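Work through the exercises below with the structure open beside you. Try each task before you read its solution.

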Amino acid sequence: MWRIFVSDRIHEDGLARLRAAEDVAEVRMEPGLDPAALAQALAQGYHALIVRSRTKVTRDLLAAAPSLRVVGRAGVGVDNIDLDAAKARGVIVVNAPEATTDAVAEHTLALLFAVARHIPRADASMKAGRWEKKAFQGIELAGKTLGIIGVGRIGAAVARRARGLGMRVLGYDPYLDQATLAARGVEPVADLATLLARSDVVSVHVPLTPETRGLLDAQALAQLKPGAIVLSTARGGVVDEAALLAALDEGRVLGAGLDVFEHEPPGATRLVTHPRVVATPHIAAQTREAQARVARDIADEVLAALRGARLRWRVV
Ligand code: NAD
């Protein structure tokens with residue numbers, strides 16, 4: 001009989017699925033524990049741990065949980081889990097990568113429209129009783145070129161939608177061949193420099209890895225078309241924030257839409273408060289539908305892992 005610990009809050013749909021399983025003895029959800037308290041709890045013989053992005057599944061935490069067989073990430077990014085340590089201990093890691101794709105793609109476009117048409121500032125101005133038509137002249141997206149960096153699930157979902165807006169869509173992903181890129185609806189480009197030089201809007205959809213940290217650094221941002229828009233709903237750290245702020249200040253970057261930050265929460269930094277930045281607090285996947293789906297998916301996948309069944313989304 002399995003014992004399952006949920007250390008970040010997940011939707012009730014997922015908990016119900018776990019509780020309904022005949023081979024599950026206990027489902028305990030306790031969000032917000034500090035690392036020491038979580039280690040102590042897991043040491044009491046839990047077989048599965050379900051996390052979102054807040055819980056850091058470190059080598060030490062895994063060492064403190066000798067009964068643990070599986071870690072489930074309710075979402076996509078697994079940069080909060082020490083995958084090498086999990087592998088070394090024979091702990092399976094699974095995620096729920098499909099559940100949030102549409103939500104993140106839609107939020108990416110929401111940020112793009114918000115930046116292109118100054119929606120947040122225009123709204124704030126009206127709420128202050130003003131009527132400033134001239135101050136908020138925007139740009140159109142139809143006919144513009146969108147460059148997608150990382151043409152995975154979300155990148156492809158953004159590409160599909162952007163084509164519907166009449167945008168030309170380029171894609172850069174060194175792990176995919178040209179045929180796959182074309183099938184995902186992007187025009188392949190040879191390298192990142194080409195994408196940067198040809199795009200009016202650049203959007204990053206790569207995981208955060210040692211290779212992608214600082215992918216859009218000062219050097220890369222200098223290769224952008226003057227007046228380009230930068231979007232990131234991927235992970236803080238993929239875009240170098242200091243370099244982006246400098247590019248905004250110099251007017252080389254017209255605006256930026258950011259859902260993710262190097263340090264979260266970032267506070268009212270110069271980047272967040274910049275008039276040409278639209279910032280949201282890591283909410284791209286926060287839709288009612290996505291959160292229910294993610295909880296159901298991770299519940300099913302964790303149960304499958306415990307039972308030794310075939311896995312859909314095994315990370316390690
Ligand atoms: P995915 O694995 O389907 O796609 C990622 C793509 O990036 C892959 O095709 C991969 O080949 C490509 N890639 C890897 N390294 C690259 C590089 N150096 N240059 C260009 N491409 C590279 O993942 P996904 O479901 O599309 O999600 C992408 C990322 O979005 C996740 O890793 C996660 O960090 C982020 N995300 C954010 C939120 C949010 O709330 N803001 C929610 C979900 C996912």
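A polar contact is a pair of N or O atoms within 3.5 Å. Keep that cut-off in mind for the first exercise. The model is predicted.

**Exercise 1. The ligand**

Task: Find which residues come nearest to the ligand, and examine the polar contacts of Arg153, Glu211 and Asp259.

Solution:
- Step 1. Start with the shell. There are 26 residues around the ligand, and Arg153, Ile154, Asp173, Thr233 and Asp259 come nearest.
- Step 2. Sort the shell by type. It holds 14 nonpolar, 7 polar and 5 charged residues.
- Step 3. Look at Asp259. An N or O atom in its side chain is 3.0 Å from a nitrogen atom of the ligand.
- Step 4. Turn to Glu211. A polar atom of its side chain is 3.3 Å from a ligand nitrogen.
- Step 5. Arg153 uses its backbone. One of its backbone N or O atoms lies 2.9 Å from a ligand oxygen.
- Step 6. Now check the cover. On its own the ligand has 870 Å² of accessible area, and the protein covers 88% of it.

**Exercise 2. Strand E3**

Task: Which residues of strand E3 are buried on each side, and which strands pair with E3?

Solution:
- Step 1. Recall the rule. Side chains in a regular strand alternate between the two faces of the sheet.
- Step 2. Apply it to E3, residues 48-51. Ala48 and Ile50 are buried on one side, Leu49 and Val51 on the other.
- Step 3. Find one partner strand. E1 (residues 2-6) pairs with E3 in the parallel sense, over 3 bridges. Val6 has Ile50 as its bridge partner.
- Step 4. Find another. E4 (residues 70-73) runs parallel to E3, joined by 4 bridges. Here Val51 is partnered by Arg73.

**Exercise 3. Helix H11**

Task: Describe the start of helix H11, its buried residues and what follows it.

Solution:
- Step 1. Begin at the start. A side-chain oxygen of Asp240 comes within 3.1 Å of the backbone nitrogen of Ala242.
- Step 2. List the buried residues of H11 (241-249). They are Glu241, Ala243, Leu244, Leu245, Ala247 and Leu248.
- Step 3. See what they pack against: helix H10 and strands E10, E11 and E12.
- Step 4. Go past the end. Gly251 follows H11, with a positive phi near 80°.

**Exercise 4. Two histidines**

Task: Are His118 and His282 buried or partly exposed?

Solution:
- Step 1. Locate them. His118 is in the loop between H5 and H6. His282 is in the loop between E12 and H12.
- Step 2. Read phi. It is near 55° for His118 and about 50° for His282.
- Step 3. Use the cut-off: buried means under 20% relative accessible area. His118 has 18%, so it counts as buried. His282 has 29%, so it is partly exposed.

Definitions and conventions: Residues are numbered from 1 along each chain as its sequence is written. This is a predicted model: local features need pLDDT of at least 70, side-chain atom pairs count only at pLDDT 80 or more; totals for chains, interfaces and linings use all residues. Side-chain values use heavy atoms; hydrogens and water are left out. Buried means under 20% relative accessible area, exposed over 50%, partly exposed in between (1.4 Å probe, protein chains only). Helices (H or I, at least four residues) and strands (E, at least two) are DSSP runs, numbered from the N terminus. Contact means heavy atoms within 4.5 Å. A polar contact is a pair of N or O atoms within 3.5 Å; within protein, one must be able to donate a hydrogen and the other to accept it, and residues adjacent in sequence count only if both atoms are side-chain atoms. A residue is near a molecule or strand if one of its heavy atoms lies within 4 Å of it. Accessible areas come from the Shrake-Rupley method with a 1.4 Å probe; for residues, only the protein chains shown count as cover. Ala, Val, Leu, Ile, Met, Phe, Trp, Tyr, Cys and Pro count as nonpolar, Asp, Glu, Lys and Arg as charged, and the others, Gly among them, as polar. Two strands pair if DSSP finds at least two bridges between them.
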